[in-house]
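Keep the model open while you read. The walk starts with the fold of one chain, then moves to its partner.

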Amino acid sequence: MNTLIIILTVSFLLLFQFDLKAQQKYESEYRMKSEMIPKSAKQFIDLIGPDLNVKWYKEISLNDVSFEAKFKHKKKQFSVEFDTLGILQDVEFVIKKSEIAPKVYNKIKGKLDSLYHKWKFQKIQTHYTGSNNDLITSVNKNKLSDEMKVSYEIVLKGKALGNTQLYEITFNDQGEIQNIQQIVQDKADHLEY
Amino acid sequence: MQTRVGLLPTVNYNQKINKDWDINFRFESRHFVFENNTPESSNFKYDYSLSDISALVARKAGLNSKFVVGVLTRFEPDAVTYRTIQQFIFQTKIKSFRLVHRIATDQTFSSNEATEFRLRYRVSAEIPLSGQKLDVKEFYFKFNTEVLNGVQDNVYDLEFRLVPNIGYVINEQQKIELGLDNRLDSFIDNQTRLISWITINWFL
């Protein structure tokens, strides 16, 4: 009986925690011509590589507006975010799960196992924040400075309480959850019917 | 080859009931404006063809898939026919393109013709024309291609459809599209027929 009470209590707490943290992610994005982008943002990208084929986007979420540069560099898909004044926010690029340190990956996996009955990665990105120089060095020479902050942004399909949804979860470099957002999928009735 | 051209306006209303169920109502009508029956004769001539009303119910099967069942009533000048519909729809993605696959069977019942049975497969591709995902007040390109196998009175027929569309997202609920629905059928008995419908689709 005591065991059953403990199990029910822990399950209720996990449910409560999950429900509190899974905010919904709303984001829209628009392609932008490079002439509309702040000069400082374009200069930063030129320091990474002057001949990059960059596509610029304006991203609007519930609380924020930003510019994003997307490009392929050294066989990696990069996304560099700036605020509306062209001040660098972060650099992110797509990685495979094997590129996460085993100790950190095991912690992430354990956390996901506790949240979801079943889950599957859709995309993993490494997130770097830091000074402009540190970020350029990390991108071009794959060297991280101690002042830089590293996190992992994971998009996954997760099944909990019989319901499968798409989530974006941010983990810090120790594998601890920072944020969970449920991704609201676009309507597809014009494709389905 | 016989060629006919017409107008095909549609109105689609989709309503989410809860997280697992949604319903779709659709009204469509067809109006011929041109036909080219023989090399010697081609006519611009208006000819009302038919109107369809359908109601479909969908149940979510997975994150990006659903089972759909429904009925359609077809009103023609001299007949009313009924169709039962079963579909399985699922979504995949290639880079920024959404692909929706639809596998369907339907059965058409008429008082003056044998029942027709069809097996269909359609793939619809959406390409946003501004950004990597579709947002309000943006244009998109949509391309459908479908193959339809039909049997009626032990006679088999095959139909292909190619449908390019240009669409616009008016708001969170509504989209409007302009397209050309090209239908090529009657291959098997060598009486190939092309019907091209100028489509205007309103989704709400």
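Start with chain B and read along the sequence: the pattern is β-β-β-β-β-β-β-β-β-β-β. That comes to 0 helices and 11 strands. This is a predicted model. The radius of gyration of chain B is 18 Å, and the globule rule gives 17 Å for 204 residues, so chain B is as compact as a globular protein of that length. Along its principal axes, the C-alpha trace of chain B spans about 50 × 35 × 30 Å. Of its 204 residues, 16% count as buried. Now take the contacts in chain B between residues at least 6 apart in sequence. Of these, 42% join residues at least 24 apart.

How do the strands fit together? In chain B, 11 strands close into a barrel. The order is β1-β2-β3-β4-β5-β6-β7-β8-β9-β10-β11, and the pairing is mixed. From one strand to the next, the twist averages 20°. As background, strands of a sheet pair through backbone hydrogen bonds, either parallel or antiparallel.

Follow a few of these pairings one by one. β2(B) and β3(B), the latter covering residues 43-62, run antiparallel and are joined by 14 bridges. Across this pairing, Ile23(B) stands opposite Val57(B) in β3(B). Next comes β4(B), residues 65-76, which β3(B) meets through 11 bridges, again in antiparallel fashion. Here Ala58(B) has Val68(B), in β4(B), as its bridge partner. The turn is short to trace: β3(B) and β4(B) form a hairpin with 2 residues between them. Further along, β6(B) and β7(B) run antiparallel, with 11 bridges between them. Look there for Asp106(B), which stands opposite Arg118(B) in β7(B).

Now turn to where the chains meet. On one side, 25 residues of chain B are in contact with 16 residues of chain A. Which elements of chain B give two or more residues to this side? They are β1 (2-16), β2 (21-36), β5 (79-94), β6 (97-109), β7 (116-128) and β10 (175-185). β6(B) gives the most, with 3 residues. By type, the residues on this side of chain B divide into 5 nonpolar, 10 polar and 10 charged.

One residue of chain B is worth a stop. Leu134(B) has its place in the loop between β7 and β8 (139-152) of chain B. Is Leu134(B) buried or exposed? The cut-off for buried is 20 or more other C-beta atoms within 10 Å. Leu134(B) has 23 C-beta neighbours inside 10 Å, so it counts as buried. Set aside residues up to four places away in sequence, and Leu134(B) touches Glu126(B), Pro128(B), Tyr140(B) and Val169(B), as well as Asp186(A). Arg26(B) gives another point of reference. Leu134(B) and Arg26(B) are 108 residues apart along the chain, and their C-alpha atoms are separated by 23 Å.

Cross over to chain A for the nonpolar cores. The largest nonpolar core has 14 residues. Those with the most contacts inside it are Ala41(A), Ile45(A), Trp56(A), Phe67(A), Ala69(A), Val80(A) and Val91(A). Which elements of chain A each supply at least two residues of this core? The answer is α2 (39-48), β3 (55-61), β4 (65-73), β5 (76-82) and α4 (132-141). Take Val80(A) as a way in. Leaving aside its neighbours within four places in sequence, Val80(A) is in contact with Ile45(A), Glu68(A), Ala69(A) and Val91(A). Apart from the largest core lies another, of 9 residues. Among them are Ile100(A), Ile108(A), Leu112(A) and Phe171(A).

Finish with the strands of chain A. β7(A), residues 118-129, and β8(A), residues 149-160, pair in the antiparallel sense over 11 bridges. Within this pairing, Thr126(A) has Tyr152(A) of β8(A) as its bridge partner. β8(A) is also joined to β9(A), residues 163-172, by 10 bridges, and these two run antiparallel. Ser151(A) has its bridge partner in β9(A), namely Asn172(A). β8(A) and β9(A) form a hairpin with 2 residues between them. In the turn, Leu161(A) has a positive phi of about 55°.

Methods. Residues numbered from 1 in each chain as written. Chains lettered and ligands numbered in written order. Predicted model: local features only at pLDDT ≥ 70, side-chain atom pairs only at ≥ 80, totals over all residues. Helix = DSSP H or I, 4+ residues; strand = E, 2+ residues; numbered from the N terminus. Rg over C-alpha atoms; globule rule 2.2 N^0.38 Å. Buried ≥ 20, exposed ≤ 12 C-beta atoms within 10 Å, placed from the backbone. Contact = placed C-beta atoms within 7 Å. Nonpolar A, V, L, I, M, F, W, Y, C, P; charged D, E, K, R; others polar. Core = buried A, V, L, I, M, F, W, Y, C linked by C-beta atoms within 7 Å. Pairing = 2+ DSSP bridges. Axes fitted to C-alpha atoms, helices over the stretch in contact; angles between N-to-C directions.
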